[in-house]
Amino acid sequence: GKSLSLICGALAWLRDFEEKKQQEEARLLALEGGGPEGGGATAEPDWVAAFVQKKEERDMVDRLKEEQIRRKKREDRLEKIRHNVQLKYAAKRKRSEEDETKRLLQLSKDVLSEGAGVDALDQLDHSEEELILAEYESDEEKKVVSGLEEDDDDLEEEHVTKIYYCSRTHSQLSQFVREVQKSPFGKDTRLVSLGSRQNLCVNEEVRRLGALQLINDRCMEMQKNKHEKKNDEEMDGKKRRVSRTVCPFYSYEQMQFLRDEVLVEVKDIEQLVALGRENKACPYYGSRYAIPAAQLVVLPYQMLLHEPTRSAAGIKLKNQIVIIDEAHNLIDTITCIHSAEVTGSQLCCAHSQLLQYMERYRKHLKAKNLMYIKQILYLLERFVAMLGGNVNQNPGCQAVSQTGTVLKSINDFLFQSQIDNINLFKVQRYCEKSLISRKLFGFAERYGGPATAVKTNKENQKLAGLQNFLLTLQQGSDKEGDPPVEAEDDQLRTASPLMQIEGFLSALTNANQDGRIILNRQSTVGQSSLKFLLLNPAVHFAKVVEECRAVIIAGGTMQPVADFREQLLSCAGVDPARVMEFSCGHVIPPENILPIVLCSGPSNQQLEFTYQTRDLPQMMDETGRILCNLCNVVPGGVVCFFPSYEYEKQVYAHWEKTGLLTRLATKKKIFQEPKKANQVEQVLVEYAKCIKRCSQAGGPMTGALLLSVVGGKMSEGINFSDDLGRCVIMVGMPYPNIKSPELQEKMTWLDKTMPRAAGQAPSRVLIENLCMKAVNQSIGRAIRHQKDFASILLLDHRYARPAIFNKLPQWIRERTQVKPAFGAAFAELRKVRARILCTA
């Protein structure tokens, strides 16, 4: 509801803006040729000024005329598609005929080439040619316009004033698009949904690669193959190279048709993918070509916040409107996007792959490629040396003499690693343009991958060492590291380690004052790592706020907002007068929510869950007594949030030992939040089924108790509405780990750069804000719609302190009761139960 209200208001403004703009254009065109009128006493301008003024007027009129023609052309085209279904089938039929013609041509070429032989590069297999790096012409190479040829101007349009709507996840964006479809603006709004290739690619060969970086590199390589193939066909009298794979969905005509289909009717990503498959057109590029004419662009905010991704997608923010929804973790997202970490195993593995790749194809690589490969090899050697290791030895067997964590500035790291004489900007640009990580992945897959059989010819026998080395690295990393918790981790393990290293090289090009390098030296080089930590997220957010007409940062639970104002907007150079804050109440009536700050338990034990006291048996016993009493009076589901997985596990074991868990289980079936993401859905389904079964069957068991973790899988994006969450309990205050090197460096940086606020050091404010943001997100899981009702219990007397209390959301704070004793709080909860029973 909040998102839809926001976007409906913005679309209404946009419609008014377009009408006024067209009226102004008509007025200016009507004045064409009239020229400036002279006033009686006004002196005539000199002939130069008059000429300049006339020229500016003519240029402006010409631009308006061209824009009107383009707009009329676009509207006519879309109207024709909207009312003429036959065009769609004609385009599909033409595409099928083209495919059949291509197939027959290829068949004839294959017949002619049989027995004649094909040129190979010095006895290399045909499939190996794709592993050779293309010639890298110069350091100032031309920027390739992705996917556009000289005669494809029809795909390029002028950007109209539009709204970019961003949210956190793909599912949130799909839900938002469905709401737009049902809104009054759903029929005549030109909307396009953007996503990654992982979500939009319809080429099954590419999709099977799994990892996002591999999909990106393979897609770009296939585009490059298409252009190279066209150039090879145009060469007369020269031997043609072996044909390379091109994407059958990358058709300009079909993507142009897909672009128009997207603009005619509002579609979410799933509908866009289905349309792409049906028309054999790439949804990824087809949706990008629709951006200029679109009025509303829906995209994940990672795509908008990362400038290279933004530029590659063709997003232009000049004078546009940006709405960032679900923005409570915006600062963390920017920091995460622009931070990077590489392990010693990845560095050694990349060095081994790259060295053997160079030795294998040295004769086939141009001098510029060899120069850059040697620079990358040197960088990898120095990075491993900074961790106390050697690239020529197995990282899993190399012991590190001095373990611990060391923080360095970017300049100090570059000087101490002796790489300050290398232009990292050029190296990073070379990695990006040459697709070297993709070539290495194919090379390792061919010769070093566990699932790939190595042939027995002499050349491959020389590379047997690479396979053995990679297998050793894999075994070593399995022994040393933690097992992967998600399927995505397995996909990333199969990718080339150079992909992660490219991100680290890019991070090293940040300004010295904006980040730090963390050297984390563990017992072995393989376990050790180098991490870049971004300290100043505003430096990457500045361009967004500078270019846009307006930026709206929105969320259901944004308090406390001081972080956004000071760390993000103020540091980005935003004028304080430009920043406006708006907060509204909740749609539920006051009696539908009962927030209570509980200062002590049933045995009058003061509730203070500090690191020093929370592990005490009496504190865990008191928490158990509180839950037992609550489960006796609260119907349906109870969700209890703990500060960490470790503490939740410790309390659970203690309750099991003392028998308190058995007492709890008589009233509520107990569920625990799993650490693995792929198990969350199953736990939630079972939790919901149990509550529904108990409500229908009656009996002593009244529902379920879900033990969750703040910042875990269930503290964001999960709707515990109605009976799923009649009470939410927050155990203690989830302060972040103050001993974390990253957090300590962030605190030091804030104390140096930010002014004190209300007598508090910025570092202290940061700690409190991080804690309360996590609390507010977790307790917000309970109230999800207008008729919902729930109780919220904050178990810690520190919540009653004004500095903490004032950081609760306003709609909760206004209704919160502070109860020094448990008896008074329990009486309030019984009143709520009585009201529920009366209503029922």
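## Notebook: cavities, salt bridges and a buried tryptophan

**Entry 1, cavities.** I began with the enclosed space and found that the structure holds seven cavities of 30 Å³ or more. The model is a predicted one, and I keep that in mind for every value noted below. For the largest cavity I wrote down a volume of about 150 Å³.

I then asked which residues lie nearest the centre of the largest cavity. Its lining is made up of 15 residues, and those nearest the centre are Cys201, Asn203, Cys219, Cys247 and Cys282. Two elements, α7 (212-234) and α10 (283-289), give two or more residues to this lining. Of the elements, α7 gives the most, with four residues. Sorted by class, the lining comes out as 11 nonpolar, two polar and two charged residues.

**Entry 2, the chain as a whole.** Next I stepped back to the chain, for which I listed 33 helices and 16 strands. It has 840 residues, and 49% of them are buried. I also looked at how far apart in sequence the contacting residues are: among contacts between residues at least 6 apart, 80% join residues at least 24 apart. The exposed area of the chain is about 41,500 Å², of which carbon and sulfur atoms supply 51%.

**Entry 3, positive phi outside glycine.** I noted two residues here, taking Lys280 before Glu326. Lys280 has a phi near 55°, which is a positive value in a residue other than glycine. It sits in the loop between α9 (269-279) and α10, and I recorded Lys280 as partly exposed, its relative accessible area being 39%. The element that follows this loop, α10, is one of those that I had already met in the lining of the largest cavity.

Glu326 is likewise a residue other than glycine with a positive phi, in this case near 50°. I placed Glu326 in the loop between β4 (321-324) and α13 (330-337). Its relative accessible area is 21%, and I entered it as partly exposed; since the class called buried ends under 20%, I wrote the percentage down beside the label.

**Entry 4, salt bridges.** Side chains of opposite charge can pair when their charged atoms come close, and I searched for such pairs. The count comes to 15 salt bridges, and I followed three of them in detail.

The pair that I took up at the start is Glu179 and Lys182, whose side chains meet in a salt bridge with an N to O distance of 3.3 Å. Both residues belong to helix α4 (residues 170-182), and because they are three residues apart in that helix, about one helical turn separates them. I then compared their surroundings: Glu179 is partly exposed at a relative accessible area of 29%, whereas Lys182 counts as exposed at 64%.

I turned next to Arg277, which forms a salt bridge with Glu204, the closest N and O atoms being 3.6 Å apart. Arg277 lies in helix α9 and Glu204 in helix α6 (residues 204-207), so this pair ties together parts that are 73 residues apart in sequence. Arg277 is partly exposed, with a relative accessible area of 40%, and Glu204 also counts as partly exposed, at 39% relative accessibility. Looking around this pair, I found that Glu204, Arg207 and Arg277 are linked in a network of salt bridges.

The remaining pair I followed is Glu768 with Lys807, in which the closest N and O atoms are 3.1 Å apart. Glu768 is in helix α30 (residues 762-779) and Lys807 in the loop between α31 (802-805) and α32 (810-813), and the pair, 39 residues apart, links distant parts of the chain. Are these two residues buried or exposed? I recorded Glu768 as buried, and Lys807 as buried too.

**Entry 5, Trp655.** I closed with one tryptophan, Trp655, which lies in helix α26 (residues 645-658). Its relative accessible area is 1%, so I entered Trp655 as buried. Which residues is Trp655 in contact with, leaving aside its neighbours within four places in sequence? I listed Met620, Thr623, Gly624, Leu627, Phe642, Leu660, Leu661 and Leu664. For one of these, Thr623, I also looked up the backbone separation: the C-alpha atoms of Trp655 and Thr623 are 9.7 Å apart, with the two positions 32 residues apart along the chain.

Key
Residues are numbered from 1 along each chain as its sequence is written. This is a predicted model: local features need pLDDT of at least 70, side-chain atom pairs count only at pLDDT 80 or more; totals for chains, interfaces and linings use all residues. Side-chain values use heavy atoms; hydrogens and water are left out. On a 1 Å grid over the protein atoms alone, a cavity is a set of points where a 1.4 Å probe fits but cannot get out, and a pocket is an open set with protein on both sides within 12 Å along at least five of seven lines; lining residues have an atom within 4 Å of a point. Grid points are joined across faces, edges and corners, and a volume is the space filled by probe spheres set on the points. Ala, Val, Leu, Ile, Met, Phe, Trp, Tyr, Cys and Pro count as nonpolar, Asp, Glu, Lys and Arg as charged, and the others, Gly among them, as polar. Buried means under 20% relative accessible area, exposed over 50%, partly exposed in between (1.4 Å probe, protein chains only). Contact means heavy atoms within 4.5 Å. Accessible areas come from the Shrake-Rupley method with a 1.4 Å probe; for residues, only the protein chains shown count as cover.
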